[in-house]
Amino acid sequence: MSEEAVRAALPELDAIEDEDLRAGVIEAWTTAIAENEIDDLRSVPWLPPTQRDLSIPDEYLIDHVRDVAAGAISFVAALLDRRGAVLDIDTDVLIAGALVHDVSKLAEFSGMESTEVHDLLGHPYYGVHLVAQVDLPIELAHIVLSHTSRTNVEPATIEAEMIRRIDEVAAAAIRWRSTDDLRTV
């Protein structure tokens, strides 16, 4: 898949003002696509084990990533509008972090089946490797590593904390399809 396909799948890339950072995010996705022989980015499942458990086969990674990016864009706008004078948020890092936070899943699953990356490393270590491989800033590796409770790394920056919380809500919105009480799933 090409850069154009990534741009088409992730229109939120245009919200990143720094051209080099935007290009790095695109390179992370195109590298992951090539390394994992992905033919159609839009057909990559969101989280196969959870999807099987909850009988929701029609959830896709790219939709979840876009949900997190949209949440980040909206939330940072609200925070900056209300508290801009006292907050120092790097909006480009926030949006880039939203867009790469789950790039690891391209290596963790092949269709609905887990791979050795998932079985032996788990989530999100391939993503951290990939972010470093394409020379994205360490702040993005930190966002990838700290966005999930599956690691022992807690968010150290406001951008990482925002992505962790927005990701949790976006995942809860998916799980909500299968329940009327999120404590049960």
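A residue is called buried when its relative accessible area is under 20%, exposed when that area is over 50%, and partly exposed in between, as found with a 1.4 Å probe on protein chains only. The structure described here is a predicted model, in which local features need a pLDDT of at least 70 and side-chain atom pairs count only at pLDDT 80 or more, while totals for chains, interfaces and linings use all residues. Residues are numbered from 1 along each chain as its sequence is written, and side-chain values use heavy atoms, with hydrogens and water left out.

## The enclosed helix α5

Helices (H or I, at least four residues) and strands (E, at least two) are DSSP runs, numbered from the N terminus. In α5, the buried residues are Asp92, Val93, Leu94, Ile95, Ala96, Gly97, Ala98, Leu99 and Val100. Nine of the 10 residues of this helix are thus buried, so α5 is largely enclosed by the rest of the structure. Its buried residues pack against α2, α4, α8, α9 and α10.

The pairing of α4 with α5 can be described further. Axes are lines fitted to C-alpha atoms, for helices over the stretch in contact, and angles run from 0 to 180 degrees between N-to-C directions. The two axes come within 8 Å and cross at roughly 160 degrees. Because angles over 145 degrees count as roughly antiparallel (under 35 roughly parallel, 65 to 115 roughly perpendicular, the rest oblique), α4 is roughly antiparallel to α5.

Contact means heavy atoms within 4.5 Å. On the α4 side, Val65, Val68, Ala69, Ala72, Ile73, Val76 and Leu80 meet Thr91, Leu94, Ile95, Ala98 and Leu99 of α5. The residues of this contact comprise 11 nonpolar, one polar and no charged; Ala, Val, Leu, Ile, Met, Phe, Trp, Tyr, Cys and Pro count as nonpolar, Asp, Glu, Lys and Arg as charged, and the others, Gly among them, as polar.

## The nonpolar cores

A nonpolar core is a set of buried Ala, Val, Leu, Ile, Met, Phe, Trp, Tyr and Cys residues joined through side-chain atoms within 4.5 Å. In soluble globular proteins, nonpolar side chains tend to be buried together. The largest core here has 50 residues, of which Trp29, Leu99 and Leu106 touch the most other members. Elements giving two or more residues to this core include α1 (3-9), α2 (19-35), α4 (61-83) and α5 (91-100). Its largest share, eight residues, comes from α4.

Leaving aside neighbours within four places in sequence, Leu106 is in contact with Trp29, Ala32, Ile33, Asn36, Ile38, Leu41, Val44 and Leu61. Another core of seven residues lies apart from the largest one, and its members include Leu47, Leu54, Ile56 and Ala171.

## Loops and backbone features

Three loop residues are compared below by location and accessibility.

| Residue | Loop | Relative accessible area |
|---|---|---|
| Gly111 | between β1 (109-110) and β2 (113-114) | 41%, partly exposed |
| Ser55 | between α3 (48-54) and α4 | 60%, exposed |
| Asp135 | between α8 and α9 | 70%, exposed |

The C-alpha atoms of Gly111 and Val44 are separated by 6.4 Å, although the two residues are 67 residues apart along the chain. Beyond its neighbours within four places in sequence, Gly111 is in contact with Pro45 and Pro48.

Most residues other than glycine have a negative phi, and most peptide bonds are trans. Ser55, which is not a glycine, has a positive phi near 55 degrees. Asp135 likewise is not a glycine and has a positive phi of about 60 degrees. A cis peptide bond joins His123 and Pro124, with omega about 10 degrees. Pro124 lies in the loop between α7 (116-121) and α8.
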